[in-house]
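Work through the exercises below with the sequence and the structure open. Each task is followed by its solution in steps.

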Amino acid sequence: MTEVGQPLPDRDEDVLLDSYRNSLRLQQMRIAALQTALEERQLRVSGLERSTSWRLTMPLRLAGGLAAGRLPNGMPITAAARRVHDIVTHDGIAALARRIVGRPLHPARKPAIVPMPPAASAIPAMMRRSALIVAELSVPQCAKYRVWQKCSHLQRLGWPCLVVDWHATQDAMSALSCATEVIFYRVPATPEVLGLIRAARRLGLQPFWEVDDLIFDEPLYRRNTNLARLEPALREELLAGVRLYRRAMLECNRAIASTPVLAQAMREAGVAEVHCIENALDDETIATACALRARKRPASCPMIVYGSGTRTHDADFLLVAAALGRLLARHPDLRLRIVGELTLPESLRRFGSRIEDLPGTDYRAYLGLLSESDIAIAPLEATRFNDAKSNIKFQEASILGLPCVCSPRAAFAGVIEHGRNGMLAETERDWEQALDALVRDPDLRRRIGEAALLDVSRRYAPEAVARTQVLPLFGAPDADLPARPARPLRVLMANVFLWPRSFGGATIVAEEMARRLHARDDTTLAIFTSHGDVADYPGALLRYDWDAIPVFATGLPPPDDHVASFDNPAAVAHFAAALDAVRPDIVHVHSIQGFGATILRLCLERGIPYVVTLHDAWFLCDRQFMVRGDGRYCFQTRIDLKICQACLPHARHLEARRAIMQQVLRDARHLLSPSASHRALFLANGVEPDRISVNRNGLRAPDRARLRRPRGCAPRFGFVGGNERIKGFHLVRQAFESLASGEWELILVDNTLNLGFSSIDVEDWDVRGRITIIPAYRQDGLDDFFDRLDVLLFPSQWKESYGLSVREALARDVWVIATAPGGQSEDVVDGINGRLIPLDARPHGLIAAIEEILAGADRLDDYANPHRDALADHASQARELHAVLARAARLEPGPMARSADILSRVNKT
């Protein structure tokens with residue numbers, strides 16, 4: 001194995017810039033193609049449904065479908081019955097009615113392919129501590145104080161924090177997979193939210209449910225007189241929401257309240273753990289208020305201001321309405337400003353223009369309207385519902401230097417010292433006396449306003465709340481990672497498939513290398529892979545555990561979205577989240593078709609080195625295995641795009657694809673090839689010799705001695721290439737159909753049988769021997785499988801990068817017939833442990849090699865491969881790989897870290 005190369009000399013940054021430009025062009029092409037396909041489909045469907053024949057044949061289609069046991073949408077009637085039963089059983093008849101009225105009843109989706117870890121699954125130790133807030137964001141005031149302020153507090157403490165609207169279920173699930181703390185703010189227990197809460201627990205998180213209002217206690221909510229003033233339909237809708245909020249809170253069983261009274265109500269409702277973090281000031285409020293205070297001029301006529309918000313405060317305002325009426329009559333120059341929705345009492349309408357009734361507005365404008373006033377009021381009925389409310393109105397007035405008169409509800413009474421930094425008023429007389437004193441005495445207004453400003457600036461400043469209330473609950477996030485070599489090497493490995501969707505030799509190698517790297521004391525590892533069609537989250541990033549290794553899995557594009565197979569923006573976004581979650585020192589990629597090569601540009605942006613193992617020709621060939629449209633090997637060495645364009649005449653992306661692939665290969669810290677033959681292919685296509693080395697794939701050694709072959713039995717041949725032409729399946733058929741002898745058995749491995757369907761059919765084969773079709777074997781079944789074989793057929797029609805099954809056979813004393821040249825032939829010694837046949841797309845060499853076996857089958861008795869010791873094993877491969885990764889991670893990033901300027905240039909173009 002050659003030494004890892006030194007850092008590259010300075011590169012031309014235009015290479016990376018061109019890569020981004022090509023991605024932009026490709027995505028524009030992709031969008032245009034998808035849009036055209038959608039429009040064509042819509043036109044066809046629209047034309048069909050408008051046609052006379054379609055309308056006339058509707059009864060016939062319906063009757064025929066029912067006779068065949070299917071609904072008009074194609075769903076089997078029996079399946080529909082089961083679906084209806086499931087909906088009624090789990091969600092009730094009302095849910096079934098909503099589905100029928102709201103949308104057609106579709107077939108039940110496939111169950112999730114990705115197995116979810118047990119509920120006790122822990123957060124991986126290597127994950128960066130980060131917070132997620134899944135929130136109701138439609139009410140700006142609530143979002144400001146409970147979501148964006150919380151996010152800011154956490155960020156002040158060093159926590160990365162992401163906010164996701166709870167309606168965006170896919171985004172929320174993806175974010176959950178990368179978070180170590182999650183808060184669900186003001187979300188109801190819809191099926192989607194319950195799914196997210198359960199997913200959080202499955203991921204080892206202990207979710208919080210947060211609210212700043214007593215919206216989860218139905219008896220108390222019903223006693224709120226503001227509720228009685230609402231229309232019956234709206235009132236019942238609110239009460240239904242109360243029940244859903246309560247269930248979501250109890251599902252989380254940890255909660256955050258904005259006031260002590262609210263926290264106590266949560267405990268009484270049954271929440272096991274409750275914490276209190278108050279509403280507070282934030283940078284926007286402080287900066288805006290500071291500017292407004294600087295511009296404030298003494299008013300010629302005093303003004304009282306009331307910020308209502310919504311009509312649910314009509315009953316609260318009645319507490320002070322009579323006192324205001326007398327004050328307005330007593331002081332002709334006094335004015336009243338109301339901001340927001342409020343039903344003005346008849347007793348106040350007589351004051352006409354002295355009462356401003358202004359609509360609600362954005363927050364900055366709202367503070368501006370407050371600052372133009374002289375006295376603020378915050379009346380609240382004496383109910384537990386209002387005792388649970390926070391003292392935001394006091395804070396907003398105080399930060400503007402305004403005196404505020406408030407009802408003595410718990411949050412107000414806890415901070416206001418009557419007559420010093422504010423005033424408390426319970427009765428109508430209290431309200432009239434407090435307001436009258438402030439209206440008459442400008443100095444009193446100034447003194448109370450100044451004291452209130454000083455108090456709230458100290459108690460509710462962002463730094464103070466973050467330090468005294470948020471830090472004790474969440475703690476400080478991870479300190480900076482210690483410098484290497486004090487900590488283990490952090491590796492993020494990427495491969496398109498992984499258990500439970502293991503598929504192909506590259507995946508077997510990737511899985512084994514992952515296990516062995518993870519087992520080292522000096523290395524920690526995470527994996528980025530793909531998941532199947534997960535029923536509820538097809539487009540989400542999902543985290544699960546595999547052999548105690550954290551795995552991040554993304555969805556793959558549909559097969560007909562060809563550009564996305566190598567330039568996939570969705571996978572890039574998910575890979576970015578995984579990078580941020582594990583902060584690797586080095587990224588190692590195996591097969592990444594479907595994710596796209598452009599995920600590796602993120603490594604450049606973040607200054608993270610990466611190493612690529614080249615399992616096939618995907619970086620060079622759009623068809624991945626250098627095969628033409630007819631399934632034959634193209635026999636190119638140095639790739640000529642003119643030849644490729646003739647092979648793919650309708651492909652418009654080949655030039656852009658090559659530019660992206662060349663940039664990704666050029667900026668890799670090192671490249672690995674499983675064989676010398678495959679390395680030579682990349683050398684011929686411009687890779688510098690010192691930047692690519694051979695890291696031979698290891699294999700699982702036999703767990704036991706091979707079972708003795710029954711003497712006199714017919715030769716047993718095996719083929720594991722599925723029905724792929726590139727693997728020589730058609731040549732196998734031609735060879736065995738040509739044999740005059742019937743004294744043989746052919747065992748065909750059908751990889752798709754484990755997925756519930758068959759891809760190999762031999763019914764029409766004209767052969768004399770016996771053919772057996774079996775499902776794919778697992779790694780722990782290698783010995784049993786190869787005990788059934790005497791000869792492995794490997795007539796691959798391209799220069800394989802390696803050929804793992806060839807080595808597995810050779811290690812178990814199975815004779816191999818393989819094409820040459822190519823990586824598949826490098827451990828086959830012709831005539832000693834196998835037979836090499838020409839790679840010429842013809843069956844003659846394979847036929848001759850099979851007939852040679854049939855003519856001398858006794859040579860298979862007691863056969864042993866004399867070159868077994870020359871085969872690579874997993875241990876040696878893993879040692880070599882770790883040395884490459886460790887060295888690549890230690891090298892100085894050089895120009896890789898200088899991506900900011902390049903990205904700015906890309907944005908400009």
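**Exercise 1: a glutamate in a helix**

Glu512 has a relative accessibility of 17% and therefore counts as buried. The model is a predicted one.

Task: Place Glu512 in its helix, and find the side chain with which its own side chain makes a polar contact.

Solution:
- Step 1. Buried means under 20% relative accessible area, so the 17% of Glu512 puts this residue in the buried class.
- Step 2. The helix that holds Glu512 is α23, which covers residues 505–519.
- Step 3. The partner is Arg516: the two side chains make a polar contact at 3.0 Å.
- Step 4. In an α-helix there are 3.6 residues a turn, so residues three or four places apart point the same way.

**Exercise 2: a bent helix**

Task: Where does helix α6 bend, and by about how many degrees? Is the residue at the bend listed as buried?

Solution:
- Step 1. Helix α6 spans residues 140–156, and its bend of about 30 degrees falls at Gln149.
- Step 2. Gln149 is among the buried residues of α6, a list that also includes Lys144, Arg146, Lys150 and His153.
- Step 3. Cys142, Val147 and Leu154 are on that buried list too.
- Step 4. Just past the end of α6, Gly158 has a positive phi of about 95 degrees.

**Exercise 3: the whole protein**

Task: How many helices and strands are there, and what percentage of the residues is buried?

Solution:
- Step 1. The protein has 34 helices and 26 strands.
- Step 2. Of its 909 residues, 53% are buried.
- Step 3. The exposed area is about 39,800 Å², with 55% of it supplied by carbon and sulfur atoms.

Technical notes:
Residues numbered from 1 in each chain as written. Predicted model: local features only at pLDDT ≥ 70, side-chain atom pairs only at ≥ 80, totals over all residues. Heavy atoms only, no water. Bend = angle between axes of the 7 residues up to and from the residue. Helix = DSSP H or I, 4+ residues; strand = E, 2+ residues; numbered from the N terminus. Buried < 20%, exposed > 50% of the residue type's maximum accessible area, 1.4 Å probe, protein only. Polar contact = N/O pair within 3.5 Å; in protein donor to acceptor, adjacent residues only side chain to side chain. Areas by Shrake-Rupley, 256 points an atom, 1.4 Å probe, with all protein chains shown as cover.
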